[in-house]
Amino acid sequence: MFYDDRTFASMERMLADMNRLFDQTRRDPLWSDVPPAVPFNVWANEDALMVTAAIAGLDPDSLHISVAGEVLTIRGNRTSESQSGDERTVHRRERRFGEFSRSLQLPYRVDADQAEARYNGGILSVALRRPEDEKPRTIAVQAA
Amino acid sequence: MLFTRNPAKTATEERTVSNEGTQRRRRAPAVDIWEQDHALVVTADLPGCDEASVEITLEKGVLTLRGTPTSDYPEGFTLVYGEYEPAEYVRTFTLPDEIDRSGVSAVVRNGVLTLTLPKAKEVQPRRIAVKAG
């Protein structure tokens, strides 16, 4: 079977349409008590891991980040910035608020004492160092 | 998201990509819109955007929000697991005529855009005093 670029383009389009459909379902008022989605990206280099999460409008004080062995847990609470009574008529309500908690399995054990978290412009980034004894070691091959 | 592209594939693809050269997927940000006596207030989630990377245009009654996150690639790292892609946030609204265009104000804080669109004077509610007959 032969596939050209267009076959994949139409598949991508179909996938995008389906994603849109599901996104719309999620915006249904019945789902409004669903906690906010906190998508993660995990980045790595030789010495460290960087976990980033896209979540706008958080109070950094509401964040609780913990590391236990190879598991990183991020908890937080996103509260609406509008004052109650401020909203005369609501035209659209798509943003989600409330408590969230997510845990992530890391590829190796990290040093919890050296973890650093930063919240800037709606992006949370947690830097985690790789301990020396978790680093890969090169094994020299000796001639017999 | 229920359907994601192969994260491993994305990792290799994105390896050498910088902020400038990224193919960004256009996404509609989630918004709340409410109305006060004197203004319409629009709030939008634009994680990774600050006041420099958000652009708001108002043309012929059409309001367009556009945000391009600047901070979504940590320097010197490779993506190993991905749930969100570099996005360009775009959303367009048609405004009612009765907005005082000169008074529109916008603030970005922690990736949340708050846009205040004051109503024109002639459509603001007025209290009518009732006199004793």
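## Exercises on strands and the contact between chains A and B

In this predicted model, strand E5 (residues 62–67) of chain B and strand E7 (residues 87–94) of chain B run antiparallel and are joined by 6 bridges.

**Exercise 1.** Find which residue of E7(B) stands opposite Val62(B), and then place the strands E5 and E7 in the order of their open sheet in chain B.

*Solution.* Begin with the residue pair: opposite Val62(B), in E7(B), stands Thr94(B). Next, read the order of the open sheet of 4 strands in chain B, which is E1-E7-E5-E4, with mixed pairing. The ends of that order are the edge strands, strand E1 (25–27) and strand E4 (54–59) of chain B, each of which pairs on one side only. Finally, from one strand to the next, the twist averages 20°.

**Exercise 2.** Work out which strands stand at the edges of the open sheet of 5 strands, and what this leaves on one side of each.

*Solution.* First write down the order, E7(A)-E8(A)-E2(A)-E1(A)-E6(B), in which the pairing is antiparallel. Strand E7 (116–120) of chain A and E6 of chain B stand at the edges with a single partner strand each, so one side of each is left without a neighbour in the sheet. On average, with direction ignored, neighbouring strands of this sheet are turned by 20° against each other. Then look inside the sheet, where strand E2 (residues 48–54) of chain A and strand E8 (residues 123–129) of chain A run antiparallel and are joined by 7 bridges; there Ala54(A) has Ile123(A) in E8(A) as its bridge partner.

**Exercise 3.** Describe the contact between chain B and chain A, starting from how many residues each chain gives and ending with a strand pair that links the chains.

*Solution.* Step one is the residue count: chain A gives 45 residues to the contact and chain B gives 40 residues. Step two is the area buried between the chains, about 3,700 Å², of which 56% comes from carbon and sulfur atoms. Step three turns to the polar side, where there are 5 salt bridges between chain B and chain A, including one in which the side chains of Asp32(B) and Arg95(A) meet at 3.6 Å, N to O. The elements giving two or more residues to the side of chain B that touches chain A are strand E2 (31–35), strand E3 (39–45) and strand E6 (78–82) of chain B, and the residues of that side divide into 22 nonpolar, 9 polar and 9 charged. The last step is the strand pair: E2(B) and strand E5 (residues 89–93) of chain A pair in the antiparallel sense over 4 bridges, with Trp34(B) in E2(B) opposite Val90(A).

Definitions and conventions. Residues are numbered from 1 along each chain as its sequence is written. Chains are lettered from A and ligands numbered from 1 in the order in which they are written. This is a predicted model: local features need pLDDT of at least 70, side-chain atom pairs count only at pLDDT 80 or more; totals for chains, interfaces and linings use all residues. Side-chain values use heavy atoms; hydrogens and water are left out. Contact means heavy atoms within 4.5 Å. Buried area is the accessible area (1.4 Å probe) that two parts lose on being put together, summed over both. A salt bridge is a side-chain nitrogen of Lys or Arg within 4 Å of a carboxyl oxygen of Asp or Glu. Ala, Val, Leu, Ile, Met, Phe, Trp, Tyr, Cys and Pro count as nonpolar, Asp, Glu, Lys and Arg as charged, and the others, Gly among them, as polar. Two strands pair if DSSP finds at least two bridges between them. Axes are lines fitted to C-alpha atoms, for helices over the stretch in contact, and angles run from 0 to 180 degrees between N-to-C directions.
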